[in-house]
Every structure is written in structure tokens, then in C-alpha cells.
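Please open the model in your viewer and keep the selection panel at hand for the stops below.

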Amino acid sequence: MPEVIKLEIEEDAAIDTWFGIGGRADRLARPENIDELRQCLRIDPDLRIMGDGANLLVADGGVRELVVSLERFNDVEIAEDGLVRAQAGVDLPRLVLDSVRAGLDGLHTLAGVPATVGGAVAMNAGGKYGNTFDHLAEVTTLDREGELRTEPASNFNAGYRNGGLDGRIVVEAVFQLIPGDATDIRERFKAIMAEKKHSQPMGERCAGCVFKNPVLTQAMDGIGEAGDRVGAGLLIDRAGCKGLAAGGASVSERHANFMVVDKDRATATDVIELIGRVQHAVSGRFGVDLETEVVIWGQP
């Protein structure tokens with residue numbers, strides 16, 4: 001007899017995001033293994049994969065597709081030779097910290113990046129110190145037809161905030177780190193965290209960066225040359241948008257590429273409106289079209 005799969009589907013379920021606002025999922029599943037994840041695909045091939053909600057905004061009308069949380073895919077192995085194997089639902093900041101404590105060089109460059117391992121691979125998450133694919137050796141994915149594949153990371157056409165997965169679901173990632181001086185690695189990790197705590201609104205209710213850093217098509221005095229990738233926050237600041245508000249959402253005074261919300265009165269619609277107003281201001285001032293890094297799900 002084949003094994004009976006007991007997949008629970010929650011109805012009218014909350015979708016936990018760092019914004020802490022927005023709509024709900026008509027259906028939500030938390031599979032524990034590949035067989036249950038395949039069952040989710042049979043239920044809805046257009047399902048949406050949930051990480052920790054760090055770069056996600058759910059529209060107030062909610063989500064019709066099946067939402068799948070991979071929080072139970074949380075196995076981790078850290079070897080002394082620097083090989084780190086982590087399932088998709090593993091908390092990236094925790095993995096970074098554990099690798100630093102193990103004296104392994106590489107993932108410390110992702111200090112302060114909010115994500116699960118699966119989400120980090122899917123969007124090649126990172127910042128000015130490094131990106132997820134820098135030390136990624138191997139990725140196991142499940143495609144929308146249910147085929148499981150393990151491939152070298154070099155097979156993926158990863159780029160800026162794009163892992164090149166073409167809709168495949170990350171199941172597990174393997175990183176090859178470098179054994180090093182634990183004290184030195186810890187100090188570099190602490191320096192990155194201190195910089196982020198100083199420059200970003202880490203204690204407020206917000207997501208990660210709202211916009212991707214754009215590439216300039218022409219030189220701009222005091223900003224950069226044609227072909228340079230420049231900080232979206234700099235353009236937003238220079239466009240006079242710091243402190244700009246829509247309802248209970250506002251552009252952070254600390255870092256202009258973050259939007260903070262008042263949990264008691266903000267709605268997802270407020271954030272969406274504010275995104276549009278910032279894009280309009282930057283386009284009008286610099287002729288640059290900002291693309292969102294925050295992913296927006298669902299119906300208005």
C-alpha cells in the first residue's frame with residue numbers, strides 16, 4: 001500500500017510578513033517533506049511559496065492561490081571542512097551566525113539580510129558586501145511538474161536580486177565556505193551588523209529594501225556614470241521623499257529605501273500608494289524607473 005499523505009490545508013489563514021499588514025490566504029499549507037510539497041503542486045500548480053515574509057507585501061484583498069510555507073524544511077548540517085547544507089526553510093540570519101561561530105568564512109557577508117535560505121537563493125539576496133550565490137555550490141529544486149533536481153549553482157543564470165530559477169522551488173542549498181580565523185570572521189560580521197543597525201530602521205515595522213538599485217543609463221552629477229548601479233535610497237532621498245507618507249505608511253527618515261508602517265492604522269494599500277508616489281517622484285526628478293524589490297501578492 002502506498003504511504004498516505006496527510007497534508008493539512010488551513011483556510012482563511014494569516015500570512016505573516018515583516019510589514020505585519022495586508023490580506024489573508026484562502027488556503028495555506030505547511031508541507032513537511034517532498035511528497036507533501038508535490039501534493040501541494042497537484043492541488044494548485046500556480047501556488048505561491050512563502051519564506052519568512054521579509055520582502056513580501058500582501059494586498060489587502062488577500063491571495064486566491066494556495067500559499068505554501070516551507071518553514072518545516074529546516075534541517076541544517078555544518079561540516080568542519082566548510083560544507084554547509086541547509087533546507088529551504090532555514091532562517092538565513094541564524095545560519096549566518098552559526099557559520100560565523102563555526103569559524104567559516106563566506107556567509108558573514110550576508111549579515112543582517114532577512115530571508116530564509118530558499119528565499120535568499122531564489123532572489124540571490126545580498127548587499128554591498130556579498131550575495132547568496134557567491135558561496136553557493138549546489139541547489140536542489142522541485143519544478144512545477146514535481147521533478148526533483150540537484151544541480152551545481154553555476155547552472156543557474158543568477159544575477160542582481162534574481163537566482164535564475166525560472167519558477168522552480170528551492171528545496172535545499174549547499175554552500176562551500178572557507179575555514180578561517182573565528183575571531184577575525186566574528187569581528188567582520190559584527191562590523192557589518194553595526195553598520196546596518198546605524199543606517200537602517202531595524203527596530204521598526206518594515207520589510208527589507210523596497211526598491212532594487214537601478215543602473216544609470218546616463219551620467220548624473222554627484223550620483224554616478226552611465227552603467228553604474230546606484231543606491232535607490234540615494235535617488236529617493238535626493239527626490240525629497242524621506243518622510244513622505246500615505247496613510248499609516250511612510251518613507252524612513254533613516255534610510256530612504258525602507259518604508260515603515262504604523263501597525264495600528266496602516267494598510268497594504270497605503271504602502272502600494274506610497275510605492276507609486278516614490279516611483280513617480282524619482283522618475284520625474286531623474287528619469288529613472290525604480291523597480292520594486294518587495295514582492296506584492298494578491299488582490300487590492
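The charged end of which residue sits over the ring of tyrosine 160? Select arginine 229, whose charged end lies over that ring at 3.8 Å from its centre, where sitting over a ring asks for NZ of Lys or CZ of Arg within 6 Å of the ring centre and within 35 degrees of the ring normal.

This is a predicted model, in which local features need pLDDT of at least 70 and side-chain atom pairs count only at pLDDT 80 or more, while totals for chains, interfaces and linings use all residues. Residues are numbered from 1 along each chain as its sequence is written, and side-chain values use heavy atoms, with hydrogens and water left out.

Next, select helix H2 (residues 92-101) together with helix H4 (residues 182-199), helices here being DSSP runs of H or I of at least four residues, and strands runs of E of at least two, numbered from the N terminus. Their axes, which are lines fitted to C-alpha atoms over the stretch in contact, are 8 Å apart at an angle of about 150°.

Then show aspartate 44 and arginine 27, which form a salt bridge with the closest N and O atoms 3.5 Å apart; the term requires a side-chain nitrogen of Lys or Arg within 4 Å of a carboxyl oxygen of Asp or Glu. Aspartate 44 belongs to the loop between helix H1 (34-43) and strand S3 (48-50), and arginine 27 to strand S2 (residues 24-29), 17 residues apart.

Key
Axes fitted to C-alpha atoms, helices over the stretch in contact; angles between N-to-C directions.
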